[in-house]
Amino acid sequence: MTVKTERAILRAGTLALFSVLALPNLVKAQDIVVGLVSPNSGANARYGAFAQRGAAMAAEEINVGGGIDGRMIKIIPADSICTPVEGVSATQRLISQDEVDFIIGDICSSVTLAMQPLVEDAGKLLVNAASSNPEITYKAGVGGYQHSFRNYPTDEIRAKAVAEYAVEKGYSKFAVLSVDSDYGRGAITYTRKYLDELGAEFVSEDYYKEGEVDFRSVLTKIRNSEADSIMVYGLADTTPIIARQMIETGLAGKLPLLGNGEFSAEATIQAAPKAMEGAIEAAAWLPGYDSEGSMAFVADYKAKYDGEEPNNHAYGHWETMHMLAEAVDAADSTDAEAVIAALQGIQFASPMGTITFDDHHQAIRPLLMLEIREGEPVITGSVAGEVTYSEQ
Amino acid sequence: MMTIFLEQILNGISTGAVYAIVAVGMTMIFGVLRAINFAHGEYYMLGTFGGWFVISTIGLPYPAAVIVGVVVTMAIAYVIGRFVMQRMIGMPEEGSVVATLGIALILQNTVILVFGGGYKFFSAGYIEPVFFGDIGIAQQRLLIIALCIAVFVGLELLVTYSRMGKAMRAVSQNVEACAVVGIDVRTVVLSTFVLGTGLAAFSGILTAPVNVSVYGGMGEIITFKTLPIIVMGGLGNVRGTLVAAMILGIAESFVAGNFGLQYRDSVGFVTLILMLLWRPHGLFSARARF
């Protein structure tokens, strides 16, 4: 074979391959198409995998039960890599190429904040199931974006609840070590609002970037400061690294972690049991939550995904998919305006109790307080989730 | 006050040791190829994944996993060296930039496709801390510092006394003259590349126990940390790289300890900009070698 014919064959082959790839997704006209934006690669890919699995399980449950009036739910996943730039282009693709009816997403607050105006302009509906930055719903509903809903607790409530709980336990000098994102910084900003009232203070403030692995220097500084606890609004995957380096720098067992970052996950506690002991966390949900629906979800999830224990994002996306389906069913239409009206009036019976939305399209739902005691997460209480919107 | 100061220096040295082992491979590759290997961090990642994989699937002990990780990475590097890096000899710089960036993307995404994008948990190694008074440090970090010194002594001996080492130095000085006197430039380039990437992999597995998490994108940040170090050390300068890595490690540690963790990564980039402005040929030589 001459080089020329070889090249020609190669070229034709490549062309054929790309034309196959470029074929539009074969979607049946009557399917209800839901775009699911989440970080499927990059430092937060683990979160994304949980979200996709939780939502896929809900969709399967709905479809097995006959769909919504016979129409099946089809999920189209999209990868945001947890960066606003990627998230926006992924959302854009979902809207213009895949022509989705609804969008669920993202997990990372920075991405959700960037998606909101886009979805609003396109006249679609965005339901968020996992971002906690307060701005998201300050700017939704009566705050502006009619097409954005959030079925997840906001950090305004979490920040206050954690700080109050910590002060009650006798901690008042917090060393901040949060992730450098809208989520990490937002939670600290909202905590600061309540510091004076509670008689607590920030001794130091550090923010780490995604993928950070070296905390020795900052932990050394914290050990030599007056801090009596470390306030972390961080990423689940970073918590074990911080915890292990706390053991190394002699902080473990002296300063507890406060905040949020999957402190209660089995793997995190196993990585550094001594550092995690006494950690205080406020979480939207956790596998040990004692309600019939929640336990059934955990059992079904484990059965479906090789025994993997779900995290709160798996639960949140599962629940949100069911809620969206109920709203579509009630609206009897996939028209965004009709479903928005249905969600505004919904009384969704979730395993965590009945969920409704306030006029900012923020779900009113409880937040669980938990503590790590003898290597086990113990739920010590729950906080009601109604937000009082302050002037901004 | 003194203890805090000493502890921050120790933190810096332990970070610097990791940087040094990765950077020296990159600087050696630059020496013989005149090409910045933008995929260098990916070999660091490959080594770590190799080690993690054999530990979590067949339960190999940590020291054996270190060897497997390095050997596997070197084998992959051999193939890439054979088909890509050898072609870079005498090519304009743009060629190597595009080629190595492409390799970085391919390696990173292949790993994500095969093992998934999530963080893996590296549970082996010697993470128990030892305490000197108030100052605690994981045994693993002491091991890294010791092995870093060993690597540099070994490299110094290699380039001074061995035939291959001398050939490497010769190629880094004058490719044409090497060809004239019968040094096989292609072989020298390939072996330098395999050695350099092997060192990156070695550094990756050594650091994994203290860094805990293993994931496809972990190499990127390493590549970008390495750039200012090799520029500071003087491109192609082995000893300079060690000093530069320690300087960057200690400077980062002080910035994180005194100003805030969020400013730490700016140290490397500010250094890179300043170096390129004032001393593009490195801290230790008065004029450019290349």
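A polar contact is a pair of N or O atoms within 3.5 Å; within protein, one atom must be able to donate a hydrogen and the other to accept it, and residues adjacent in sequence count only if both atoms are side-chain atoms. By that rule, chain B and chain A share 17 residue pairs in polar contact, both residues at pLDDT 80 or more. This is a predicted model, so to speak of local features requires pLDDT of at least 70, side-chain atom pairs count only at pLDDT 80 or more, and totals for chains, interfaces and linings use all residues. Residues are numbered from 1 along each chain as its sequence is written, chains are lettered from A in the order in which they are written, and side-chain values use heavy atoms, with hydrogens and water left out.

Let's stay at the interface for a moment. Contact (heavy atoms within 4.5 Å) involves 35 residues from chain B and 34 residues from chain A. Together the two chains bury about 2800 Å², 51% of it on carbon and sulfur atoms; buried area here is the accessible area (1.4 Å probe) that two parts lose on being put together, summed over both. On the chain B side, Tyr119(B), Leu261(B) and Gln262(B) lose the most area to chain A, together 23% of what that side buries.

Charged pairs come next. With a salt bridge taken as a side-chain nitrogen of Lys or Arg within 4 Å of a carboxyl oxygen of Asp or Glu, the interface holds five, and the whole structure has 26 over all chains. One residue to look at is Glu248(A), which pairs across the interface with Arg141(B), the closest N and O atoms being 2.5 Å apart. Within chain A, Glu248(A) also meets Arg216(A) in a salt bridge (2.5 Å, N to O). Glu248(A) lies in helix H9 and Arg216(A) in helix H8 of chain A, so this pair ties together parts that are 32 residues apart in sequence; helices are DSSP runs (H or I, at least four residues), numbered from the N terminus. Both Glu248(A) and Arg216(A) are buried, where buried means under 20% relative accessible area, exposed over 50%, and partly exposed in between (1.4 Å probe, protein chains only).

Chain B offers another pair to compare: Glu156(B) and Arg239(B) form a salt bridge at 3.0 Å, N to O. Glu156(B) is in helix H5 and Arg239(B) in helix H10 of chain B, so the pair joins parts 83 residues apart in sequence. Glu156(B) is partly exposed at 24% relative accessible area, while Arg239(B) is exposed at 60%.

Note on methods. Helix = DSSP H or I, 4+ residues; strand = E, 2+ residues; numbered from the N terminus.
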